[in-house]
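Good morning, everyone, and thank you for making time for this. Before I begin, please bring up the structure, and we will go through a few of its side chains together.

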Amino acid sequence: MDAALLAGAGAAVMGVFKYNFAAQFLSRVLPFLYNVWFVRQLNSNDCAAYALQLPLFINSVLFLSREGFRRACLRSDSQSGDSLTDEETLRVAWMVIPFGILITSIGSLFVLSVKKLKFSDPYAKATLIIGFACVLELMAEPLYILSQKKKYYIIRVYTEPAASVLRCLTTFIFINGHFKVKPTEVTELCRTKNAIYIAEKLVVFSLSQVAYAACIFIGYWAYFLMFTDTKTFDLLPVRFSSLMHYDKQLLHMCMLFTGQTFRKLILQEGEKFVLVWFDTPYNQAAYGLVDKIGSLVVRIVFLPFEESSYATFARLAGESPQNISSLEGSLLGALKLIMLIGLVVISFGPSYSYTLLKLLYGEDHSDGEASVILRYYCFYIISLAMNGTSEAFLHAVANENQLKQSNDMLLLFSMIYIILNIVLIKSAGAVGLLAANSIRLIPLSALHASRLGHFAHFWPDHSFL
């Protein structure tokens with residue numbers, strides 16, 4: 001491949017990556033440091049809800065609601081075959097709101113019914129408040145999609161860190177302001193100098209999530225209305241002559257990707273669902289804390305890299321066939337960089353797992369199973385990163401039939417994965433969940449490799465493998 005083309009392709013990925021990386025770094029590091037202080041005040045039951053259960057609910061609702069729309073709207077598929085206009089994209093993107101309300105309602109009712117909660121219970125209040133926060137954050141989703149298409153990456157750099165700081169400040173103000181509610185008969189006092197109730201902390205966490213969502217909503221709307229030539233009615237769906245005049249091909253792709261997100265959710269978060277159902281609060285807390293440390297690397301580096309790669313792949317794939325060399329260069333450059341980062345984690349992570357946990361969370365968590373889980377998590381990260389990048393490429397260039405085939409295969413892998421989780425958690429605890437994760441990536445990697453070989457068959461002058 002021509003060196004200039006390879007360099008240009010790599011620059012295209014890195015140009016988007018630097019903005020996504022900055023946004024994730026600024027919005028994750030400060031909250032992580034703040035969480036270190038907050039976790040030290042919690043017992044195992046409270047920590048399990050804070051570190052695993054409620055974040056799992058948030059991630060599930062948001063992922064199912066918007067991921068399919070993000071994937072589809074950033075592609076160039078349309079009925080006419082031409083590039084979609086901003087208005088055509090927004091017509092479909094606004095459909096994420098009613099769909100998100102439906103997902104949030106179903107998820108909230110499911111949690112309340114499974115835990116047999118009353119609306120007056122603190123956990124129920126926290127769940128409902130978080131549901132409202134998810135809907136509020138989804139109100140900015142059409143503008144997020146539009147900003148990605150118009151390359152307004154700077155919005156994310158400022159908005160997400162500001163929202164994260166506001167979330168931390170909200171928690172700090174409520175706790176140090178002695179925020180209290182009337183205790184119930186099942187409420188216990190936390191061992192803190194402020195004597196904050198355990199139940200209250202779940203409510204405080206949910207209120208801080210509302211503050212985060214409000215900042216995201218205001219940030220995106222303020223940018224488009226104040227720093228661009230866009231008018232309010234250009235963004236709202238009420239301006240469109242008829243909401244029924246939407247691009248059916250784009251909506252179909254949204255539903256296709258959304259169907260895939262249900263399978264992906266099982267593959268990505270399945271071990272946490274199994275952990276919540278079958279394991280003790282202590283192990284849930286240990287795994288949740290390790291996942292917060294591991295996900296710091298995943299969210300700061302790998303997630304923005306995957307998003308940047310997908311945006312670049314989708315743009316290059318939607319342009320002229322002469323961009324095949326650039327597309328190949330982008331993929332190879334992305335895989336090499338992600339492999340290098342993963343090897344660094346493997347080299348240093350396992351040896352310093354215990355020390356890191358002791359410094360961050362104290363002896364109560366470092367002397368338990370958490371340090372062992374973190375050692376295995378370091379090996380799992382590199383497989384997760386490689387799979388995410390190759391999957392981003394396939395989603396960007398695959399046609400409808402290939403996506404349907406991938407959906408069918410994901411359904412099969414999801415069923416196998418859940419069985420592995422249930423079996424291994426009973427024999428190896430939380431470490432067994434990481435083993436199941438690693439095993440499920442083997443057939444997924446084989447599937448992606450076969451798909452890459454399929455694309456190389458149609459482009460005989462270029463080898464992706």
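Let me start with a question: does tryptophan 221 count as buried or exposed, and what is its relative accessibility? In this model, which I should say is predicted, tryptophan 221 has a relative accessibility of 11%, and because buried means under 20%, tryptophan 221 counts as buried.

Now let us look at its aromatic partners. The structure holds 10 aromatic pairs, and in one of them the rings of tryptophan 94 and tryptophan 221 have centres 6.2 Å apart with their planes at 50°, so this pair is tilted. Tryptophan 94 lies in the loop between α3 and α4, whereas tryptophan 221 belongs to helix α8, so the pair ties together parts that are 127 residues apart in sequence. Tryptophan 94 is buried as well.

Phenylalanine 217 also forms a tilted aromatic pair with tryptophan 221, at 6.2 Å centre to centre and with 50° between the planes. These two residues are 4 apart in helix α8, which means that about one helical turn separates them. Phenylalanine 217, at 26% relative accessibility, counts as partly exposed.

Turning to charges over rings, the charged end of lysine 115 sits over the ring of tyrosine 123, 4.8 Å from its centre, while arginine 167 lies over the face of tyrosine 212, at 4.3 Å from the ring centre.

Finally, please find serine 108 in helix α4, where its 6% relative accessibility makes it count as buried. Beyond its neighbours within four places in sequence, serine 108 is in contact with Phe57, Thr127, Leu128 and Gly131.

Methods. Residues are numbered from 1 along each chain as its sequence is written. This is a predicted model: local features need pLDDT of at least 70, side-chain atom pairs count only at pLDDT 80 or more; totals for chains, interfaces and linings use all residues. Side-chain values use heavy atoms; hydrogens and water are left out. Buried means under 20% relative accessible area, exposed over 50%, partly exposed in between (1.4 Å probe, protein chains only). Contact means heavy atoms within 4.5 Å. Rings of Phe, Tyr and Trp (its six-membered ring) pair if their centres lie within 6.5 Å; planes under 30 degrees apart count as stacked, over 60 as edge-to-face and the rest as tilted. A charge sits over a ring if NZ of Lys or CZ of Arg is within 6 Å of the ring centre and within 35 degrees of the ring normal.
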